[in-house]
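Please look through the sequence and the model below before reading on. The paragraphs after them are meant to be read with the structure open.

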Amino acid sequence: MANHSTPSSTDFSSAHGQGPVSFDTVSFSYAPDQEPVLSGLTLTMPRGLTFLVGPNGIGKSTLMLLGAARLFPSQGQITLLGASTENFLTAQSDPECEERRNRLASFIYQNMEFETENPLGDLLDAVSANSPDPASAALHRQEVLEATGTGGFLGARMQELSKGEMQRAIIAMGLLYGAPVLMMDEPVFAVEPERAERIFSYLREYCTGQGTSIYASVHDVELARKFAQGVVLFHSDGLVEAGDPRELLARERLEKAFKAPWDTLYQRQTLYRDMLNRLEP
Ligand SMILES: Nc1ncnc2c1ncn2[C@@H]1O[C@H](COP(=O)(O)OP(=O)(O)O)[C@@H](O)[C@H]1O
Ligand SMILES: [Mg+2]
């Protein structure tokens, strides 16, 4: 993708001060011989519950991985809560550096799955005990369990959960750990729609109450329209813009970004949801 640029809506971000994550003329490609995913991107990510919206394969996951210092730019600089992500280049080999990074930003990977010996309840206890703020984790435990609907399977090990239950459990872990920045890549695709709404409603409350910034990529524009406090919109021509949901999620803006008429855009989302639902046993 070429020619990412700063849109007029950066005014929205600057009105909110230095954002939790900002990109300064960032370029990134996965391999030297590959076309860059991002090129010359300057962007301030909004605060609060922010949805990343845009066509498939456009760079949503990549942008979140860069912002959370899981990937590093080929050019330019990324600032995460005031620190250049360069500070975390050694996170993969240095546990102390990894810990410092994780205390700033958590990452929920798409299709995250893991097996455990201990039941979920014990994992949540361990996550809370290791949290940068264990007292806050204890305070939020009950409401996190309620919002994610995980209270009913605290005795199960991760591999015994359905895909949707696993996603809910991982979101609960992320919230109880309580890093100030939390990236979630397609975190609810296997979660039933009503529960997904309950979760996002809580995430919004949580962001407001805790001053946390949560970034979630979703296929469902309707979810974003209902719950977004901020939006990062990826256009198929490479433009990336950050700003106000009312502006960026307006029908005409989305049609422009996706280069598709509203009806087919909506149909595509439904198809995608149906396809993913079939993945669940
Ligand atoms: N690990 C990887 N190695 C090489 N190319 C990748 C890798 N991950 C993603 N890509 C490519 O980078 C581009 C952006 O991908 P991604 O950030 O996953 O998009 P989105 O999340 O918007 O679907 C796509 O062309 C994808 O094929
Ligand atoms: Mg993705």
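What follows goes from the chain as a whole to a sheet, a ligand site, a helix and some single residues.

This is a predicted model, in which local features need pLDDT of at least 70 and side-chain atom pairs count only at pLDDT 80 or more, while totals for chains, interfaces and linings use all residues. Residues are numbered from 1 along each chain as its sequence is written, chains are lettered from A and ligands numbered from 1 in the order in which they are written, and side-chain values use heavy atoms, with hydrogens and water left out.

The protein chain holds eleven helices and ten strands, where helices (H or I, at least four residues) and strands (E, at least two) are DSSP runs numbered from the N terminus. Of its 281 residues, 52% count as buried; here buried means under 20% relative accessible area, exposed means over 50%, and partly exposed lies in between, with a 1.4 Å probe and protein chains only. If a contact is taken as heavy atoms within 4.5 Å, then among contacts between residues at least 6 apart in sequence, 69% join residues at least 24 apart.

One open sheet is built from four strands in the order β2-β1-β4-β5, with antiparallel pairing; two strands pair if DSSP finds at least two bridges between them. Its edge strands, each pairing on one side only, are β2 (38-44) and β5 (83-84). Strand β1 (residues 21-28) runs antiparallel to β2 and is joined to β2 by four bridges, and S22 stands opposite T44 in β2. Helix α2 (residues 60-67) packs on this sheet, where α2 touches β1, β2 and β4 (75-80), and the direction of α2 makes about 120° with that of β1. For such angles, axes are lines fitted to C-alpha atoms, for helices over the stretch in contact, and the angles run from 0 to 180 degrees between N-to-C directions.

Ligand 1 has around it Y30, Q34, V37, P55, N56, G57, I58, G59, K60, S61 and T62, a residue being near a molecule if one of its heavy atoms lies within 4 Å of it. Oxygen atoms of ligand 1 take part in polar contacts (pairs of N or O atoms within 3.5 Å). A backbone N or O atom lies 3.2 Å from a ligand oxygen in the case of I58 and 2.9 Å from a ligand oxygen in the case of K60, whereas for S61 an N or O atom of the side chain is 2.8 Å from an oxygen atom of ligand 1.

Farther along the chain, helix α6 (residues 163-177) has 15 residues and should span 21 Å at 1.5 Å a residue, which agrees with the 21 Å between its end C-alpha atoms; the expected span is 1.5 Å times one less than the number of residues. Helix α6 is mostly covered, with 14 of its 15 residues buried, and G178, just after α6, takes a positive phi of about 80°.

Most residues other than glycine have a negative phi. N111, in the loop between β6 (105-108) and α4 (120-130), has a positive phi near 60° and is partly exposed, with a relative accessible area of 48%. K259, which lies in the loop between α10 (251-258) and α11 (262-277), has a positive phi of about 50° and counts as exposed at 63% relative accessibility.

Finally, A242 belongs to strand β10 (residues 240-243). How buried or exposed is A242? At 1% relative accessibility, A242 counts as buried, and its C-alpha atom is separated by 6.8 Å from that of P46, although the two residues are 196 residues apart along the chain.

How values were computed:
Polar contact = N/O pair within 3.5 Å; in protein donor to acceptor, adjacent residues only side chain to side chain.
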